[in-house]
Amino acid sequence: MSTNAKRFDALVFIGRFQPMHRGHLDVLRRALSLADTVCVLIGSTDKPRTIKDPFSFDERRQMIASALDTASRTRVRFAPVQDSHARRLRFRRSRTNRSN
């Protein structure tokens, strides 16, 4: 698909990418086939390393970028996203209230 035939100017792909896997790569490639630019928002970037979150923002950005060819890499933008504990609590409460 040529750049002129893209359906969107930009798409957003958000995830933790702990670690990047084939499913993430498939979604990213699909997004690149549909848009000129893909903004990859990498979550959980404000936390220290843990077993659940073993990679830093920069390490995850490098993993994702290294999985792409040079032409695709130039069309991807990366940004960190911090977790919000308060948002997670509100979400959990709203889910609990719905199921009761």
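Buried here means under 20% relative accessible area, exposed means over 50%, and partly exposed is what lies in between. Keep those cut-offs handy, because Glu59, at 29% relative accessibility, counts as partly exposed by them. One caution before you start clicking: this is a predicted model.

**Stop 1: the whole chain**

Show the cartoon and walk along from the N terminus. You'll pass elements in the order β-α-β-α-α-β-α, which gives 4 helices and 3 strands. Now colour by burial: of the 100 residues in the protein chain, 26% are buried. Switch on the surface and you have about 6900 Å² of accessible area, with 53% of that belonging to carbon and sulfur atoms. If you like contact maps, try one here. Among contacts between residues at least 6 apart in sequence, 73% join residues at least 24 apart.

**Stop 2: helix H1**

Select residues 22–34, which make up helix H1. Do its ends sit where a 13-residue helix should put them? At 1.5 Å a residue the expected span is 18 Å, and the end C-alpha atoms of H1 are 18 Å apart, so the two agree.

Next, show the side chains of His24, Leu25, Leu28, Ala31, Leu32 and Leu34, which are buried in H1. What covers the buried residues of H1? The cover includes strand S1 (8–15), strand S2 (35–42) and strand S3 (76–80), along with helix H2 (57–66) and helix H3 (70–73).

**Stop 3: the nonpolar core**

Stay with Leu28 and add Phe17, Val38, Val40 and Ile64: in the largest nonpolar core, which has 14 residues, these five touch the most other members. H1, S2 and H2 each supply at least two residues of this core, and H1 gives the most, with 4 residues. As background, nonpolar side chains tend to be buried together in soluble globular proteins.

Now centre on Phe17. Leaving out residues up to four places away in sequence, Phe17 touches His24, Val40, Leu41, Ile42, Arg60 and Ile64. His24 is also one of the buried residues of H1 you picked out earlier.

**Stop 4: the salt bridges**

There are 3 salt bridges to visit.

Begin with Arg16 and Asp53, whose side chains meet at 2.6 Å, N to O. This pair links distant parts of the chain: Arg16 is in the loop between S1 and H1, while Asp53 is in the loop between S2 and H2, 37 residues apart. Which partner is buried, and which is partly exposed? Asp53 is buried, with a relative accessible area of 8%, whereas Arg16 is partly exposed at 32%.

Move on to Glu59 and Arg49, where the closest N and O atoms are 3.0 Å apart. Here too distant parts of the chain are linked, with Glu59 in helix H2 and Arg49 in the loop between S2 and H2, 10 residues apart. Arg49 is exposed, at a relative accessible area of 53%, and Glu59 is the partly exposed residue from the opening, at 29%.

Finish inside helix H2 with Arg61 and Asp58, a salt bridge whose closest N and O atoms are 3.2 Å apart. Look along the helix: because Arg61 and Asp58 are 3 residues apart in H2, about one helical turn separates them. Arg61 is partly exposed at 28% relative accessibility, and Asp58 is partly exposed too, with a relative accessible area of 40%.

Definitions and conventions
Residues numbered from 1 in each chain as written. Predicted model: local features only at pLDDT ≥ 70, side-chain atom pairs only at ≥ 80, totals over all residues. Heavy atoms only, no water. Buried < 20%, exposed > 50% of the residue type's maximum accessible area, 1.4 Å probe, protein only. Contact = heavy atoms within 4.5 Å. Areas by Shrake-Rupley, 256 points an atom, 1.4 Å probe, with all protein chains shown as cover. Expected span 1.5 Å × (residues − 1). Salt bridge = Lys/Arg side-chain N within 4 Å of Asp/Glu carboxyl O. Core = buried A, V, L, I, M, F, W, Y, C linked by side-chain atoms within 4.5 Å.
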